[in-house]
Amino acid sequence: MTATTTSSHSCTYKTCDLQFESEKAMKRHKKYDDDHEYCDKCDEDFETYDELAHHKILRPDFHHKACRVCGQEFKSESGLKRHIELSHRVDQKLTCIGCKRSFYRACLFIEHLEFGYCDVIAASQFQGHVVHKHLVTTLLKDGDAYKRFQAKQAMFEAAHGDFEEEGGICLDGPMDRDEEVEVPFAALQPEIHVTPIHTPYPPLPSQARVSGYIVDEVASTIGTMSIDDEDNDNSTVEGAHSSATPSAYGGSAYAASTSAARKEKVWVNRNGKSASSALFPNAKPTPAYEEFSVAAHDAQMEREHGINIMKTRFWDPMSADWNPERFYDSVIDKYNCPFVCEITFATPADLNHHINSDHRLTRMKCPYCLKYFKSATALMAHCESRGSKCQINKADNFNIFLDRLSGGFLGVNEEVRPDHLNNPTAMVRNPDTGRMEVYKPPVASYLQYIVTTPPDWKGPSKAGVQMGFGAQQSQW
């Protein structure tokens, strides 16, 4: 009887004492055992999971479609991207502008605002921002609707337009009276200007006398000036004429009057005064520079061009911008609805009740898959889910839709995943050319949601009591 010898293969990990009949069985054991970090394609053992994932990143020739987060490999790039979106979601950093609480999901932030969990922003205020976005979109989309909206407030704008503070027509003027009015007339006197004539010919005797006096006067004045900085009460013009300069028009009387009427010079010592104060002693001081005020600019633009429908809650009875008289029609003695609605009301209280009850959104629809949702939170969760069949979050105008959905509180940008920012490169042989080339692994992106401030945001404020209608809780 012959004895058969069986060769055993021990596991290559030091912490494992298992024996196997064949090497293939041993490798299968290392591949599927959770305690072993083994690469079956490269036949290499690793101590930690991070070392195995890093190895797959640096060996794209064998692990081209491997997840760089968990190391799991896929047969297609679409399957890899779907795996990253579903299994390795990046947490958001959303801070409420009211209570400063932070949230790691956009749907949780919308739920915080919609159902009144915020201590600063009420649920009715959030609803107002959402309704405002939908109303402005409707008015700007349809030109006829916007013209009708302007017609509803045309009477208010005409009655409260800008008027000049001074002006008008004087009905009781002197020209309207019956009595005769004497109007004095006087003959016009010609103005005589003595200017030097620059000609190549010799001057006339009268012009020679005048020009000679002017030269002597300027020369004597310059000779008595001083530019010293010493303190002197009378240092503006130092010195005076000791004797009158002979005049071309009759002696020293004209020269004395000219010297007395001469003003002080401002380009010499001014005893610490500025040149502007010496040149313009009666001028008012320059006002201090004021920083640009957005509120003042908006108020001026509203006076010149009317209300800004993007920033004004003109339709909301719960807002300080609400004025029912803006939509009052004096011809029919009723109030028009500011929405795309032709219903009229006899009192402002009825109009307030109509807006707060009939023009509130009760459900919201996804424009991509056409599904209806009972709340903005449910629709936001639908948009945030990357595993659903709906591709609304990949649409080109998703940022515009998100702005309407959140009432202007959320925006979105497509950013590179934080774990894909510093991708290590590797040298790989190109099978076509046979040369070593630098290989850059694929980069995955994600949607980063950011908290924004709505254009019609007025800051935290307590809801006031309106005529005929009180504050309502969230109703969708």
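Me: Which side chain makes a polar contact with the side chain of Asp-316?

Reply: In this predicted model, the contact runs from side chain to side chain at 2.5 Å. A polar contact needs N or O atoms within 3.5 Å. The partner of Asp-316 is Arg-313.

Me: Which residue has its backbone nitrogen 3.1 Å from a polar atom of the Asp-316 side chain?

Reply: Here the side chain of Asp-316 meets the backbone. Asp-316 itself is in the loop between helix H11 (294-305) and strand S7 (328-329). The backbone nitrogen belongs to Met-318.

Me: Buried or exposed: which label does Asp-316 get?

Reply: Buried means under 20% relative accessible area. Asp-316 has 2% relative accessibility. So this loop residue counts as buried.

Me: Which residues is Asp-316 in contact with, leaving aside its neighbours within four places in sequence?

Reply: Contact means heavy atoms within 4.5 Å. Sequence neighbours within four places are set aside for Asp-316. That leaves Gly-128, Trp-322 and Arg-360.

Me: Which side chain does the side chain of Asp-40 make a polar contact with?

Reply: Asp-40 lies in the loop between strand S3 (37-39) and strand S4 (44-46). Its relative accessible area is 36%, so it is partly exposed. At 3.2 Å, its polar partner is Lys-31.

Me: What separates the C-alpha atoms of Asp-40 and Arg-28?

Reply: Asp-40 and Arg-28 are 12 residues apart along the chain. In space, their C-alpha atoms are separated by 8.4 Å.

Me: Which residues of helix H1 are buried, and where do they sit around the axis?

Reply: H1 covers residues 23-32, and its buried residues are Met-26, His-29 and Lys-30. They cover an arc of only 95° around the axis, so they are on the same side of H1.

Me: Which residues of H1 are exposed on the other side?

Reply: The buried residues of H1 pack against strand S1 (9-10), strand S2 (19-20), S3 and S4. The other side carries exposed residues. These are Lys-24 and Tyr-32.

Me: What arc do the buried residues of helix H3 cover?

Reply: The buried residues of H3 (residues 77-87) are Leu-80, His-83 and Ile-84. They are on the same side of H3, because their arc around the axis is only 95°.

Me: Which exposed residues does the face of H3 turned away from its buried side carry?

Reply: An α-helix has 3.6 residues a turn, so residues three or four places apart point the same way. The face turned away from the buried side of H3 has exposed residues. They are Ser-78 and Lys-81.

Me: At the start of H3, which residue has a side-chain oxygen within 3.3 Å of the backbone nitrogen of Gly-79?

Reply: This pair joins a side-chain oxygen to a backbone nitrogen. The nitrogen is that of Gly-79. The oxygen is that of Ser-76.

Me: How do helices H5 and H6 lie to each other?

Reply: The axes of H5 (residues 123-141) and H6 (residues 143-152) come within 5 Å. They cross at roughly 110°. Angles of 65 to 115 degrees count as roughly perpendicular. H5 and H6 are therefore roughly perpendicular.

Me: How do the residues of the contact of H5 with H6 divide?

Reply: H5 brings Thr-138, Leu-139 and Lys-141 to the contact. H6 brings Gly-143, Ala-145, Tyr-146 and Phe-149. The division is four nonpolar, two polar and one charged.

Me: Which strands are included in what covers the buried residues of H12?

Reply: In H12 (residues 348-358), the buried residues are Pro-348, Leu-351, Asn-352, His-354, Ile-355 and Asn-356. Their cover includes strand S8 (334-336) and strand S9 (344-345).

Me: What is the phi of Lys-100?

Reply: Most residues other than glycine have a negative phi. Lys-100, in the loop between strand S5 (94-95) and strand S6 (102-103), has a positive one. Lys-100 is exposed, with a relative accessible area of 57%. Its phi is near 65°.

Me: Where is Leu-370, which has a positive phi?

Reply: Leu-370 is not a glycine, yet its phi is about 65°. It counts as exposed at 53% relative accessibility. Its place is in the loop between strand S10 (364-365) and strand S11 (372-373).

Me: What share of the residues in the protein chain is buried?

Reply: The chain has 14 helices and 15 strands. It holds 476 residues. The buried share is 32%.

Terms used: Residues are numbered from 1 along each chain as its sequence is written. This is a predicted model: local features need pLDDT of at least 70, side-chain atom pairs count only at pLDDT 80 or more; totals for chains, interfaces and linings use all residues. Side-chain values use heavy atoms; hydrogens and water are left out. Helices (H or I, at least four residues) and strands (E, at least two) are DSSP runs, numbered from the N terminus. Buried means under 20% relative accessible area, exposed over 50%, partly exposed in between (1.4 Å probe, protein chains only). The arc is that of the directions from the helix axis to the C-beta atoms. A polar contact is a pair of N or O atoms within 3.5 Å; within protein, one must be able to donate a hydrogen and the other to accept it, and residues adjacent in sequence count only if both atoms are side-chain atoms. Axes are lines fitted to C-alpha atoms, for helices over the stretch in contact, and angles run from 0 to 180 degrees between N-to-C directions. Angles under 35 degrees count as roughly parallel, over 145 as roughly antiparallel, 65 to 115 as roughly perpendicular and the rest as oblique. Ala, Val, Leu, Ile, Met, Phe, Trp, Tyr, Cys and Pro count as nonpolar, Asp, Glu, Lys and Arg as charged, and the others, Gly among them, as polar.
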